[in-house]
Amino acid sequence: MPGSETLSSRRFDKIAANFATSEVHRSSPTMEALHETLGPQTGAAICDVACGAGHLALSFAADGPARLVGVDPAPSMLDSFRALAAERGAEVEAVRATVDELPFPDASFDLVVSRLAPHHFPGLPLAVREMARLLRPGGRLAVIDLEGHEDPEVDALNHELEVLHDPTHVRSHTLTEWVAALHGAGLNVPVARGGQAESRTGVPIARWCQIASSGEEAERAIRARLAAAPAAHRDALGIREDGGEFLIPVRTCMVIGVKPLNGAR
């Protein structure tokens, strides 16, 4: 499969079990808000791109979708997706592929979603165009992902922390960049929310690094970098200190794009 054996997919293939049990990935306030915004997906064909363990895809299982597909390049992630689906009695399709080459015809799905994955995509406009290609007229693309910051200095700190946390991190895009990418793919964008958080309480650095198997050296570097960072920069990223421990909110944005019914925006 062209492009599937990337450094990122090999890394996540080894640590898939971490994501199957991760409290950050299982549920979040932003996931809840997404469901409230989209409404029930009864009878819909749904595709979760770079699905990981499939938590977002499976959050729609109770709605009674007509089709529930998870796509990921890492075989172990797809194994986790199948296992979690079996536990819930959900019928799913697990497909090994990358976002740049999704093996489905045009207009195959009513809803395409992706969560906490696009910051690994090598090219945002191409990825968004490929996901949008799968949408039927009136279909929606919904993304929740790590959010970049408009202030270059704050964004540089954010990027440094993310790369220490996960060396396969490519880039956290700003809300402005996301909206531009969806518009560029021919989608209307009725929902664009920045400054979201995947954890209500904040994730302690030790746990944050445990989920990603960052390693002790990376954890020490993250702590040192945060201790040296201006308090205003930490505040801008929603990172707070409590009892000598830094708490990471897993700061995200949520965007929803809609494919026009008549091809015009």
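The exercises below, each with a worked solution, concern the sheets, helix contacts and empty spaces of one predicted model.

Residues are numbered from 1 along each chain as its sequence is written, and side-chain values use heavy atoms, with hydrogens and water left out. Because the model is predicted, local features need pLDDT of at least 70 and side-chain atom pairs count only at pLDDT 80 or more, whereas totals for chains, interfaces and linings use all residues.

**Exercise 1. Determine the strand order of the seven-stranded sheet and state which strands stand at its edges.**

Step 1. Helices (H or I, at least four residues) and strands (E, at least two) are taken as DSSP runs numbered from the N terminus, and two strands pair if DSSP finds at least two bridges between them.

Step 2. With these rules the seven strands form an open sheet in the order E3-E2-E1-E4-E5-E10-E6, with mixed pairing. Strand E3 (93-96) and E6 each have a single partner strand, so one side of each is left without a neighbour in the sheet.

Step 3. Within this sheet, strand E5 (residues 135-146) and strand E10 (residues 251-258) pair in the antiparallel sense over seven bridges, and Arg140 has Val258 in E10 as its bridge partner.

**Exercise 2. Describe which strands helices H6 and H7 lie across, and at what angles they run.**

Step 1. Axes are lines fitted to C-alpha atoms, for helices over the stretch in contact, and angles run from 0 to 180 degrees between N-to-C directions; contact means heavy atoms within 4.5 Å.

Step 2. Helix H6 (residues 75-88) lies across E2 and E3 and runs at about 180° to E3. H7, in turn, lies across E1, strand E4 (109-115) and E5, running at about 140° to E5.

**Exercise 3. Characterise the packing of H8 against H10.**

Step 1. Helix H8 (residues 152-165) and helix H10 (residues 205-212) pack at an angle of about 55°, their axes being 10 Å apart. That makes H8 oblique to H10, given that angles under 35 degrees count as roughly parallel, over 145 as roughly antiparallel, 65 to 115 as roughly perpendicular and the rest as oblique.

Step 2. On the H8 side the contact is made by Leu161, Glu162 and His165, which meet Trp208, Cys209 and Ala212 in H10. These residues divide into four nonpolar, one polar and one charged, where Ala, Val, Leu, Ile, Met, Phe, Trp, Tyr, Cys and Pro count as nonpolar, Asp, Glu, Lys and Arg as charged, and the others, Gly among them, as polar.

**Exercise 4. Give the volume and lining of the largest cavity and of the largest pocket.**

Step 1. On a 1 Å grid over the protein atoms alone, a cavity is a set of points where a 1.4 Å probe fits but cannot get out, and a pocket is an open set with protein on both sides within 12 Å along at least five of seven lines; lining residues have an atom within 4 Å of a point. Grid points are joined across faces, edges and corners, and a volume is the space filled by probe spheres set on the points.

Step 2. The structure holds one cavity of 30 Å³ or more, and the largest cavity has a volume of about 120 Å³. Its lining comprises 13 residues, with Asn158, Glu162, Ile239, Ile248 and Arg251 nearest the centre; H8 gives the largest share, three residues.

Step 3. The largest pocket contains about 870 Å³ of space. Among its 46 lining residues, Phe12, Leu116, Ala117, His119 and His120 are the closest to its centre, and the lining divides into 26 nonpolar, 14 polar and six charged residues.
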